[in-house]
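Visitor: I would like to learn how to read a protein model step by step. Could you take me through this one?

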2 protein chains.
Amino acid sequence: MTSLDASTPAFDWIDGGGVTTPLGFVAGAVYAGIKTYGDEPRLDLGVLGGEAPLTAAGVFTRNAVTGHSVSHGRNLFARTSTIRGVVINSGNANTVTGTQGAKDCAHLAALAGALLGGTAGDVIVGSTGVIGRMLPMAKVERGASEITLSRDGGYAFSRAIMTTDTHEKQAALRFEVAGRAYRVGGCAKGSGMIHPNMGTMYGVVTTDAPVDAAWLDATWRAIVDRTFNMIDVDMDTSTSDMALVMASGAAGGDPVSAGHPAEAMLIAAIDAVAGRLARSVARDGEGATCLIEATASGAASVEDARIAARTVTSSPLVKTAVTGRDPNWGRIMMAAGRSGARIDQDRASVWIGEHCVLDAGQPVAVDLKLVSEAMGHEVVSIRVDLGVGDASATAWGCNLTHEYVSINADYTT
Amino acid sequence: MTSLDASTPAFDWIDGGGVTTPLGFVAGAVYAGIKTYGDEPRLDLGVLGGEAPLTAAGVFTRNAVTGHSVSHGRNLFARTSTIRGVVINSGNANTVTGTQGAKDCAHLAALAGALLGGTAGDVIVGSTGVIGRMLPMAKVERGASEITLSRDGGYAFSRAIMTTDTHEKQAALRFEVAGRAYRVGGCAKGSGMIHPNMGTMYGVVTTDAPVDAAWLDATWRAIVDRTFNMIDVDMDTSTSDMALVMASGAAGGDPVSAGHPAEAMLIAAIDAVAGRLARSVARDGEGATCLIEATASGAASVEDARIAARTVTSSPLVKTAVTGRDPNWGRIMMAAGRSGARIDQDRASVWIGEHCVLDAGQPVAVDLKLVSEAMGHEVVSIRVDLGVGDASATAWGCNLTHEYVSINADYTT
């Protein structure tokens, strides 16, 4: 009934495509030794950039405690929207690391800048992993010196940014407008500390469309609000969240901005890639075995619909009910009720899958076995109608399992 | 170092005492058949009231979806502060049960009113358990007819209000002012859907002190804000939360209000009983193996300190770190940072137990084995100094274990 791409228009999706599928981008990654999983080496330092300067926009975490990479990125975007690329390490967040941490961040940016033909001031930095540990800069320097950038380095880059993710998250598509082909690609990482309040940690989207910088910034913020900002794994907002979009212009033609013939399709394409990545992050939430897609309708405002939908997907009691395939829909009403959204409980309705379990405030005598079956699907769809208006929104989350506890009870040491 | 009663002054605590320890109260409970745990009968319907009319005050959940018992209680307190008592059933929340549910609630109040020598309009109702199921009124009627009220019925009452609690939560103490003895008792239940925003589901405190009604109402609201409203098990706010205080006046003397010689001691005594009950609820959170006591200091305001402390105790990543005895203090900073409280990360400090792990923004080279040991205590104490002011507050929560998932993945069916 519902899939990871339910709400997206028809695009030519490119299997295995990612951030270097659009023209004009190069990437590479190495195992620098920052991230250790026993003896197994895993890519932990990646660089992605343009063959020429890129037009970019980024949004960052609203957590009041932020990594040095976030300060670096905010300062950079306050100055310019033209960058050379981004460097991301996993295994260490370089957050709450004092004055040395700030120097290490600038040094990492400079190393990547040199690789991309620029300086530290041209490169966005991402550092994700444990908070409060110093970056091992000798390893970082050696690793950076071993990176080779290429037009097919997107896959390696998508692996290098992973922490507890069970697989890389990539997406890419192609579309044409007036005979000209454009491509949009992206990658993201989860998979815990996911309650983005500005981009998840991390989403990176690329396109070869030429774009107007101000248009890109406004477009990106709106898209992030309905994609990365609508997912949740565990209510915890990371200190390093970042959602970045970069455009190379290599597809040629006039820059896209308001009124350009390709504007609508490009917005839909970036939305589709960001949405697919966001849902992949939720689906791969730590320990998750399914995606929860919650829609709040009948809301007084879009803002109300968003907080109601998001509260349903983030409620531990809804998440464990899904794990147990337990049609305990009262927990859905409880979550909507505590969300802060306006709700009229005498007019509210609830559906699990296609089954209406509460109809305008009256419990429905439904076969609970069928409802339980609907909770065993790969995508568990929930809808709550708040009974007060016309606005609606959808949020994505995942179920809460024993495995989430195992993963997080034993992470740093 | 820290105990369940760390912050309370020295009172004469009464072992095994509860809501009927203060003079002038009677209680009783039966197994009516509302709550089933396999074949094992457990008390599920309890009545507590006064030998004479009581002065009372109550605060209720702020969840926008509320049980019929909450509407009933709000209406009653809007009209009067003189009541005969309270009836509570467990196993069924009588929430989102439509018009029939409202009638059932009034009928339950009338049954208890008759037992207590009053009417439905004299009795507060509490219904806790599954949401969206009709109360089995034939069983409730038969059960109510079998209840016998007595001066030592407080223990049975405290058992009847339990749902997934592993044990009853009672407390009682005695103190004297100017040769007159006063008693304060209480009971509470948890143990999931605990993020009270007005009283936990449920806390009931009794005293034989005579009190002024307006003074009791104001005093109770302030006490609830620093006790029941500072605990968390799982971020989910119940639809039936209620914190109730009832005074019989049986100790004799003038009503206590501002300026009365016993005022300060009575406030401290009610605070001590409510605080002990609140910490017991947090400690007995579903699946919990320890109490987490988090203090936020150096805050810009008490409100900031409260949300920071509460966010630390409710963060899934902090809670799982405690389960793993993992000294991953970055998660504490993450939680404080996302709480909404003002924080200066370059001046912030963090302690786990007695160990300072972050000192004014600089990580401390501490023996992580010792920190891990401190996380294995019965009470795990955490402190974060926000580095911006002088206000402080303490919140209580519990760790997140596999058992929480097991309990909640299989609750209704």
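Guide: Let us begin with a sheet, keeping in mind that this is a predicted model. In chain B, 6 strands form an open sheet with mixed pairing, and their order is β15-β14-β13-β16-β12-β17.

Visitor: Which strands stand at the edges of this sheet in chain B?

Guide: The edges are taken by β15 (362-363) and β17 (391-398) of chain B, and each of them has a single partner strand, so one side of each is left without a neighbour in the sheet.

Visitor: How do β13 and β14 of chain B run, and how many bridges join them?

Guide: Strand β13 (residues 349-352) of chain B runs antiparallel to strand β14 (residues 355-359) of chain B, and 3 bridges join the two. To follow one of these pairings by eye, start from B:Trp351, whose bridge partner in β14(B) is B:Cys356. A helix also packs on the sheet, namely α6 (residues 263-283) of chain B, which touches β12 (291-299) and β17 of chain B and whose direction makes about 45° with that of β17(B).

Visitor: What lies between β13(A) and β14(A) in chain A?

Guide: These two strands form a hairpin with 2 residues between them, and A:Gly353 in the turn has a positive phi of about 60°. The strands run antiparallel and are joined by 3 bridges, and A:Val350 has A:Leu358 of β14(A) as its bridge partner. A:Leu358 also stands opposite A:Pro363 in β15(A), a strand that runs antiparallel to β14(A) and is joined to it by 2 bridges. The hairpin of β14(A) and β15(A) likewise has 2 residues between its strands, and there A:Ala360 takes a positive phi near 50°.

Visitor: Stepping back, how many helices and strands does chain A have?

Guide: Chain A has 11 helices and 17 strands. Its radius of gyration is 21 Å, close to the 22 Å that the globule rule gives for 413 residues, so chain A is as compact as a globular protein of that length. Along its principal axes, the C-alpha trace of chain A spans about 65 × 55 × 35 Å.

Visitor: Which domains does the assignment give for chain A?

Guide: The assignment gives domain 1 (12-283) and domain 2 (291-409), and the C-alpha centres of these two domains of chain A lie 32 Å apart. Where they meet, 12 residues of domain 1 of chain A are in contact with 12 residues of domain 2 of chain A, and the domain 1 side consists of 6 nonpolar, 3 polar and 3 charged residues.

Visitor: How many residues does each chain bring to the contact between chains A and B?

Guide: A general idea helps here: the size of an interface is often given as the accessible area lost when the parts come together. Here we can count residues instead, and the contact takes 53 from chain A and 52 from chain B. On the side of chain A, α9(A) gives the most, with 7 residues, and by class that side has 24 nonpolar, 24 polar and 5 charged residues.

Visitor: What turn lays chain A on chain B?

Guide: A turn of 180° with a shift of 0.0 Å along the axis does so, with an RMSD of 0.0 Å, and that is the relation of a two-fold axis. Of the residues of chain A, A:His402 comes closest to the rotation axis, with its C-alpha at 2.5 Å. Finally, 98% of the interface residues of chain A are also interface residues in chain B, so the copies meet through the same surface.

Key:
Residues are numbered from 1 along each chain as its sequence is written. Chains are lettered from A and ligands numbered from 1 in the order in which they are written. This is a predicted model: local features need pLDDT of at least 70, side-chain atom pairs count only at pLDDT 80 or more; totals for chains, interfaces and linings use all residues. Two residues are in contact if their C-beta atoms, placed from the backbone, lie within 7 Å. Helices (H or I, at least four residues) and strands (E, at least two) are DSSP runs, numbered from the N terminus. Ala, Val, Leu, Ile, Met, Phe, Trp, Tyr, Cys and Pro count as nonpolar, Asp, Glu, Lys and Arg as charged, and the others, Gly among them, as polar. Copies are superposed by least squares on the C-alpha atoms of residues with pLDDT of at least 70 in both. Two strands pair if DSSP finds at least two bridges between them. Axes are lines fitted to C-alpha atoms, for helices over the stretch in contact, and angles run from 0 to 180 degrees between N-to-C directions. Domain bounds come from an automatic or database domain assignment. The radius of gyration is taken over C-alpha atoms; the globule rule is 2.2 Å times the number of residues to the power 0.38.
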